[in-house]
Amino acid sequence: MKVNGTSYTTIWYDSDNEQVSIIDQTQLPHRFDIITLDTLSDFCHAISSMQVRGAPLIGVTAAYGLAIALRKNPSTQSENKAASQLLATRPTAVNLQWAIRRMREAISTASIEFRAERALLEASNIFDEDIAHCSAIGDHGNKLLKDAYETKTDGSQLNILTHCNAGWLATVDWGTALAPIYKAHKLGIPIHVWVDETRPRNQGASLTAWELQQHGINHTVIADNTGGHLMQNGLVDCCIVGSDRTTAAGDVCNKIGTYLKALAAFDNNIPFYVALPSSTIDWSINDGIKHIPIEQRDSREVTHITGLNKHGQLTEVQLTGNSPAANYAFDVTPARYVSALITEIGIFSADRRDLQKLKQLLS
Ligand code: MRU
């Protein structure tokens, strides 16, 4: 997608310099910084500090991290160490485990002198697939948006509410929840996006709003508590969010606060769509509330906030007194509140039977 008119992906491998670069998302929207990741600890830090974030991008970054670690040392010991360090960075998004498992399977048959090369090839396959899958999610989801727009009788723009950032910054390119919006916008459907700020890290206010602005898509940032009011007053036509892990029965784990939006959408009879690549499905579990580990991050992300001061410098300020704070990063939306799952294969119901059909199509 575009940054000031130039095409970028969120991560890329430069084969001339044999280096992996990323957009440092902790600096957006105020600074557009590109950094290179050279060592395994650079990759682990990039994921845990959220220089890269979003389930699909975490998976792709981990894949490159493993490949770079094997280039330095292709032994099994080095592979085990790299895999366990990368897996420990963030627990909820299943794409991380999925990517590491896939990388390890791919190199399992390569002889020691070709392991690093094979690993790099697999990381680049995962990178390419992520782009293709997100683009396909965009095409499938676009049909839902087109139908929703055509059924509007007042000719007004389509109002979509999204939570967190499930745009191109959360993937390699296109995004998941925002991919249908980008495709619909290209086709001329008039769209307005309500962007939940998404406390505490404000991925909506800092990342989703920035992406949409870069692409000329009409949007408004709202405080996280606003969505219910908008829905009650007919100002939301549908919600679209991403997923960090979806169970085999269709429960969706996503950024904290997603569940409350789903409840409000359900109460107001508004479609609540979840867009995800199939790599985000954890086929080994059914009950998301019981079985998905919820990341708890540093309470400082709740008690403090960073922004630009009047001199244009990034500054952190303290919001709270000395009260303890808790920082649960994700919640689970039970399948019954999900209107449909938009995947790269097509649109599925959030239930075990329909997801089994998807599984068969994947095999
Ligand atoms: O903590 P983050 O910023 O990694 O959380 C991101 C989200 O919750 C996204 O909605 C999810 O990863 C889907 S991304 C396409």
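Reader: Which space is the largest cavity in this structure?
Author: The space taken by the ligand is the largest cavity, a cavity being a set of points on a 1 Å grid over the protein atoms alone where a 1.4 Å probe fits but cannot get out. The model is predicted: local features need pLDDT of at least 70 and side-chain atom pairs pLDDT 80 or more, while totals for chains, interfaces and linings use all residues. Residues are numbered from 1 along each chain as its sequence is written, and side-chain values use heavy atoms, without hydrogens and water.

Reader: What makes the pair between N254 and the ligand a polar contact?
Author: A polar contact is a pair of N or O atoms within 3.5 Å. A polar side-chain atom of N254 is 2.6 Å from a ligand oxygen atom, so this pair qualifies. Polar backbone atoms also approach ligand oxygen atoms, at 2.9 Å for G54 and 2.8 Å for A55. The protein covers 100% of the 420 Å² of accessible area (Shrake-Rupley method, 1.4 Å probe) that the ligand has on its own.

Reader: How many of the residues in the shell around the ligand are charged?
Author: The shell holds four charged residues, besides seven nonpolar and eight polar. Asp, Glu, Lys and Arg count as charged. R53, A55, R90, N254 and K255 come nearest among the 19 residues around the ligand. Domain 1 (2–128) and domain 2 (138–362) each give at least three residues to the shell.

Reader: Where does P29 lie, and what is the peptide bond before P29?
Author: P29 lies in the loop between β4 (19–23) and β5 (34–37), strands being DSSP runs of E with at least two residues. The bond from L28 to P29 is cis, with omega near 5 degrees.

Key: A residue is near a molecule or strand if one of its heavy atoms lies within 4 Å of it. A polar contact is a pair of N or O atoms within 3.5 Å; within protein, one must be able to donate a hydrogen and the other to accept it, and residues adjacent in sequence count only if both atoms are side-chain atoms. On a 1 Å grid over the protein atoms alone, a cavity is a set of points where a 1.4 Å probe fits but cannot get out, and a pocket is an open set with protein on both sides within 12 Å along at least five of seven lines; lining residues have an atom within 4 Å of a point. A molecule sits in a cavity or pocket if more than half of its atoms lie within 2 Å of its grid points. Domain bounds come from an automatic or database domain assignment. Helices (H or I, at least four residues) and strands (E, at least two) are DSSP runs, numbered from the N terminus.
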